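Trainee: Could you take me closely through one part of this model, the side-chain contacts? I would like to know who meets whom, and how open each partner is.

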Amino acid sequence: MRRYTLCRLCFAVTGLLFLTVLWTGGWQDGSMPEVWSCPVTAAGTVGRVEEKQNGYGQKQSILSLHAVAFCSGSFPNQNEQTIETNKSGACAEEIVCYLAEGEEIPLTGERIIVSGQAEGFRRRRNPGGFDAALYYRSQGVLFSMQQTKVVKREGRCDVFGQTLYVCRRYMQSILEAVCQEDAGIMRSILLGDKNALPPEIRALYQKGGISHILAISGLHISFLGIGFYRLCKRSVMPVPAAVILTCLFLFSYVVMTGGSVSAWRAFLMCAVSLAADVAGRSYERMTALSVSALLLTLRWPMLFWQSGFWLSYGAILGLELVCPILTRLWDNRLAKLFLPGLAVSLVTLPVLLRAFFEFPVCSLAWNVLVIPLMGVVMALGTLALLAGMVFVPLGRIVFLPVHILLCLFELVCGLSERISWNMWGRGAPGWVQVFLYYVLLLCFCLMKKYMTKPCALLMLLGAVWIVRCPLLPQDTLTVLDVGQGDGIVVQSGDGTAVLIDGGSTSEKQLARYTLVPYLKSEGVRELSYVFLTHMDADHVNGVETLIQEGRMEQIRIDTLVLPAIAEQDEDYRRIVSAAREAGIRLCVMGAGDAVETGGFRFSCLHPQRGAAYADRNDGSLVIYLTKGRFSALFMGDLDGEAETAFAQRYSQKLRNVTVLKVGHHGSGASCTEAFLSACSPQIAVISCGEKNRYGHPAKETLERLSCAGSRIYVTKDTGAVEIVIGEERARVSVQAQGWGKPVAASKDA
């Protein structure tokens, strides 16, 4: 028992650090609105330098700046070597600078002054979306600087850091020449550089459940560390010197490859192992794990909010705590092949579902094949890199077996795409579900030798059932923050989902980064109906992508509903053609038509069937949603005279609408007094983009809504707006407040 004292102490202190960060709300801090979206000048030390392709396919240099202090005043003398900073100014641990085109890349370790446009990282705007602010904050990065120009350079650099940078660039060029079409994969595997990794390969490996091989992890550190240590010992080097040299080599490798959480964790555990070897003590993996966790969290307390932290440590905990129990219960050769992977999956399952909303079932089988072969890939890949440094054709010959293995990996991942049940999950589990899951798993681990097969199956299946099934299914209406566009999802408690529009002119790849993550986070695998109000890009381009790639993402559209208008333009016909090719049922709706699903009734109030409209907006599909006492009106882009005529036609039917999705993104011509008098909305939601060039929402529109007594929500300010539909009232909550801290707004209507 005494040998685990250090382990318990380290875990206890780490737990206290976690509770401190949680209690103080440090994970929400880090916004500096006083410098956001405005020119700033800052001084700092150059850290990591890398090149990425921007959205236009151009290479852009990116550098991290450490120990940052904001400056004041002008700096006309470019040759002055001493950098003075404003001591009273705000400071930041680190910022990320995107260099302007043509700027010379400074050397690593140089003290420089830069000027540019400060931009805060974006917080999560929709459920299931990526919280860039929290991710960068966990690494100590406060904000980014766009179009950065170097004002001054001190001239002195960090020789160690610059040497690593030059070596990395050189090895990247050798891998490009040796590996050719596989260079992006090998750069990721050997150098931790994902900038050249094709997105389709990344997605393919994720679906196969083997994407972990693309990151620097314990497998890489163990392979290189053990190999280098043995090589040093065989060279008649004293053991202490071999340990020091191995630690220096591994430290250099981790720094050169970017220093991911898993890499630092593996390095620290390897260092503890080597220290135990020198001291003649036995190596305890749990003690090494606890020491590494404590050291990392002391350095970066916000790492608790990175899924990579929990996945990395959860994998080791699974092997140490769960795998021995499973091995004792199912002690046969075939089972032992799968039990380590199963143990890791059991510990990390809630983390995976919270981060990615699904779990690739086939990964349990594929990793049995892939993990042993990764040793061969790394050994031959490293050998090919070294051979390429001498003679590129020789490197290509050595790399040939690796190319065959990578083709095998793509083949097994491709099989996963064809298996409909491979991606398992019902959305992101709630924190209560996660807590109950780990309580059961902890009980499983504590029972140890008293555990029996029936009891083990019952507890583990019960835990999996808890995270799979939603505890409180509810009817919801969510207006997503899609920037300048529209995207509304209606869900019933029985799992039925309907999408009304899905497009944006300000958000790139809306389907990939907004629609699909949201639907997966909610456990939606099928959309019963998708209504397209009209064919403008800011309403349909995300749905078009979903039609084309829905099968790959395993999200099925059952019926596509379009407005029943007389004149069908090229965009209308293109969407119809794409839907037919995808095997999606088509339906057109005009005034008087209705469909029912999930207990909701979707009635079409506009356009008149077969009518011709000179303007697309005037022919927008207007949907009136009802369920019990709840009602919602979705106006598409209808405004102006068309909206006034609509109000006159339905003035008696639309009394006391619960929710109004304001037409045409809150333009000045929408929500006339006659219209608002006709529908009397309690809640008005406007979907528009930050700093859009149209000035949406118009000030006069907001004033009319306010005078009508409506509570107003604008997605550019609030993020996604979720309305939980109850029998008596609707509860409204928003995702975020602008670009700053999240808010917990909740109101009843």
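Mentor: Start with the scale. Buried means under 20% relative accessible area, exposed means over 50%, and partly exposed is what lies in between. Keep in mind that the model is predicted.

Take the cysteines. A disulfide needs two cysteine sulfur atoms within 2.5 Å. By this rule the count is zero disulfides. Cys167 shows the gap: its nearest cysteine sulfur belongs to Cys157 and is 13 Å away, so Cys167 fails the 2.5 Å cut-off. Cys167 is partly exposed, because its relative accessible area of 34% lies between the two limits. Cys587 is likewise in no disulfide. For Cys587 the nearest cysteine sulfur is that of Cys604, at 9.6 Å. Cys587 has a relative accessible area of 22%, which makes Cys587 partly exposed.

Now the charged pairs. Side chains of opposite charge can pair when their charged atoms come close. The structure holds 29 salt bridges.

Begin with Glu154. This residue lies in the loop between strand 5 (141-153) and helix 3 (159-179). Glu154 is buried, at 17% relative accessible area. Its salt-bridge partner is Arg156, with N and O 3.3 Å apart. The two side chains also register as a polar contact of 3.3 Å. Arg156 is exposed, at 58%. So the bridge has one exposed end, Arg156, and one buried end, Glu154.

Lys336 and Asp331 make another pair. Their closest N and O atoms are 3.0 Å apart, and they form a salt bridge. Lys336 is partly exposed at 41% relative accessibility. Asp331 is exposed at 54%.

Then look at Arg629 and Glu728. Their side chains meet in a salt bridge of 2.6 Å, N to O. Arg629 sits in the loop between strand 16 (622-627) and strand 17 (630-634), and Glu728 in the loop between strand 21 (721-725) and strand 22 (730-734), so the pair ties together parts that are 99 residues apart in sequence. Both Arg629 and Glu728 are exposed.

Salt bridges also link up here. One network joins Asp536, Glu544, Asp569, Asp571, Arg574 and Arg616.

Charge meets rings as well. The charged end of Arg354 sits over the ring of Trp431, 4.1 Å from the ring centre. Lys627 does likewise with Phe600: its charged end sits over that ring, 4.7 Å from the centre.

Next, ring against ring. The structure holds 22 aromatic pairs. One of them is Phe130 with Tyr135, 5.7 Å centre to centre. Their planes are 55 degrees apart. Stacked needs under 30 degrees and edge-to-face needs over 60, so this pair counts as tilted. Phe130 is exposed, with a relative accessible area of 57%. Tyr135 is partly exposed, at 34%.

Phe309 and Trp310 pair at 5.3 Å, centre to centre. Here the planes stand 85 degrees apart, over the 60 degree limit, so the pair counts as edge-to-face. Phe309 is buried at 3% relative accessibility. Trp310 is partly exposed at 37%. Both belong to one aromatic cluster, together with Phe18, Phe304, Trp305 and Tyr313.

Finish with the strands, as backdrop. Strand 1 (residues 38-53) runs antiparallel to strand 4 (residues 111-119), and eight bridges join them. In that pairing Cys38 stands opposite Ala118 of strand 4. Strand 1 also runs antiparallel to strand 2 (residues 59-70), joined by nine bridges. There Ala43 stands opposite Ala69 of strand 2. In a regular strand, side chains alternate between the two faces of the sheet.

Which contacts should you look at again? Glu154 and Arg156 give a salt bridge at 3.3 Å. Arg629 and Glu728 give one at 2.6 Å, N to O. Phe309 and Trp310 give the edge-to-face pair.

How values were computed. Residues numbered from 1 in each chain as written. Predicted model: local features only at pLDDT ≥ 70, side-chain atom pairs only at ≥ 80, totals over all residues. Heavy atoms only, no water. Pairing = 2+ DSSP bridges. Helix = DSSP H or I, 4+ residues; strand = E, 2+ residues; numbered from the N terminus. Phe/Tyr/Trp six-rings, centres within 6.5 Å; stacked < 30°, edge-to-face > 60°. Buried < 20%, exposed > 50% of the residue type's maximum accessible area, 1.4 Å probe, protein only. Lys NZ or Arg CZ within 6 Å of the ring centre and 35° of its normal. Polar contact = N/O pair within 3.5 Å; in protein donor to acceptor, adjacent residues only side chain to side chain. Salt bridge = Lys/Arg side-chain N within 4 Å of Asp/Glu carboxyl O.
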